[in-house]
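Colleague: Could you take a close look at one part of this model for me? I would like to hear about the salt bridges and how they sit in the fold.

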Amino acid sequence: MKAVTWQGRRQVSVETVPDPEIQEPTDVIVRITTSGLCGSDLHLYEVLGPFLDPGDVLGHEPMGVVEEVGPEVRRTAPGDRVVVPFNVSCGTCPMCERGLHSQCETTQVRAYGSGAALFGYTKLYGQVPGGQAEYLRVPFGDTLPIHVPEGPPDDRFVYLSDVLPTAWQAVEYADVPPGGTVAVLGLGPIGDMAARIAALRGAGLVIGIDPVPERRARAAARGVHVLDPSDGGPVDRVRDLTGGRGPDAVVDAVGMEAHGAPVAHGLQSVVGHLPDGVARGLMRRYGVDRLSALHLAVELVRRGGTVSLAGVYGGQADPMPLLTMFDKQLTFRMGQANVLRWVDRLLPLLTDDDPLGVDDFATHRLPLGEAADAYEMFQKKRDGAVKILFKP
């Protein structure tokens, strides 16, 4: 089959790799019909290369049609249309029963002290082949795949794999009071969708902050009050919008590759060129993220407010403004999205009324063979790229 593979820093290519096979009696094989390119994939493209091997298959936002099932699969059958969550979670362990599928005890990557395995996402999370491919082996065939109805196009459901539950959890964790205010840092796919969900759930004012004009325009068209962070700094403008005290909550949807952190960016670049064994040790013990967005979130949020981290951070030695965090009495919530926890809340919103605008959420739909160009375009924020879907 054809699949998108990692080949080196800023290098991906579509290669012919072996077709997946049933390995466990509860596995299913899914023929992929749509797979997303995620902002988290750019961390593999740019930063996390020391935890990848050439040939690793990328991608963690797939959906498709079940082609084959293992002998112990009972609830899923060939021909079923399914979305595959990015967490590889069993659905039955104590963590999954608590709705913490990203901490699944069956698939935790204990060698690295990590939570649940993820599709297409480095040795840190199990090195499980990903879904930017023609076919995908999916474990836990009775409990992991999300069954969706026939009829509507893939765009209606594919975001259940990551974008929708990640954005929903970000807003849930932000704990915005009814009629309250929330600032969303970063209007890429997760930030854009989080802003839409916050408005749908009753936020009185949603402020979106992003340096890319096309992304601001896209959010503004849905009623978000948008700000350019390079236009004199957003702190005073946000306070003016919130009676001088700041928003009730801030969602950081940027993470480790924020703009405006040249020193940390330089360190990441240096580490990325070291031998993998050396780089892995440095990143696990002394890794530093680009923290501009996180520090801005702490500065923006009102006293007693909440900061919700949806953007991915990977550093072990990140300097945090603990004095300010303590003095302002802030609440922080964070973590990989627990996809299956939120599906029942999200499915009723994926109707023909389309209140979240999923049908036209993608900015680009490309064949799998154009993946290398798509990664570069997305990383450089060219051509208005916000959300790219691959069609194998």
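Modeller: Happy to, and please keep in mind that this is a predicted model. Let me begin with Arg382, which is partly exposed at 40% relative accessibility. Its side chain meets that of Glu376 in a salt bridge, with 3.9 Å from N to O. Glu376 is partly exposed too, with a relative accessible area of 28%. That pair belongs to a wider set, as a search of the whole structure finds 17 salt bridges. Among the residues involved, Asp155, Arg365 and Lys391 are linked in a network of such bridges.

For a pair in another setting, turn to Asp192 and Arg196. Here the closest N and O atoms are 2.9 Å apart. Both residues lie in helix α4 (residues 189-200), where four residues, about one turn of the helix, separate them. Asp192 has 2% relative accessibility, so it counts as buried, given that the cut-off is under 20%. Arg196 falls under that cut-off as well, because its value is 9%.

The surroundings of α4 are worth following along the chain. Strand β8 (residues 181-185) runs parallel to β9, and five bridges join the two. One of these contacts pairs Ala183 with Ile207 of β9. The chain gets from β8 to β9 by way of α4, in a right-handed β-α-β crossover. So the helix that carries the Asp192 and Arg196 pair is the connection in this crossover. As for β9 (residues 205-209), four of its five residues are buried, so the strand is largely enclosed by the rest of the structure.

On from there, β9 is joined by three bridges to β10 (residues 225-227), and these two strands are also parallel. Ile207 appears again here, with His225 as its bridge partner in β10. Helix α5 (residues 213-220) carries the chain across from β9 to β10, and this β-α-β crossover is right-handed as well.

Finally, compare a pair that spans separate elements: Arg303 and Asp327 form a salt bridge at 2.9 Å, N to O. Arg303 sits in the loop between α9 (292-300) and β12 (306-309), while Asp327 belongs to helix α10 (residues 322-327), so the pair ties together parts that are 24 residues apart in sequence. Arg303 is exposed, with a relative accessible area of 54%, and Asp327 is partly exposed at 48%.

Key
Residues are numbered from 1 along each chain as its sequence is written. This is a predicted model: local features need pLDDT of at least 70, side-chain atom pairs count only at pLDDT 80 or more; totals for chains, interfaces and linings use all residues. Side-chain values use heavy atoms; hydrogens and water are left out. A salt bridge is a side-chain nitrogen of Lys or Arg within 4 Å of a carboxyl oxygen of Asp or Glu. Buried means under 20% relative accessible area, exposed over 50%, partly exposed in between (1.4 Å probe, protein chains only). Two strands pair if DSSP finds at least two bridges between them. A crossover is right-handed if, with the strands pointing away from the viewer, the path from the first strand over the helix to the second runs clockwise.
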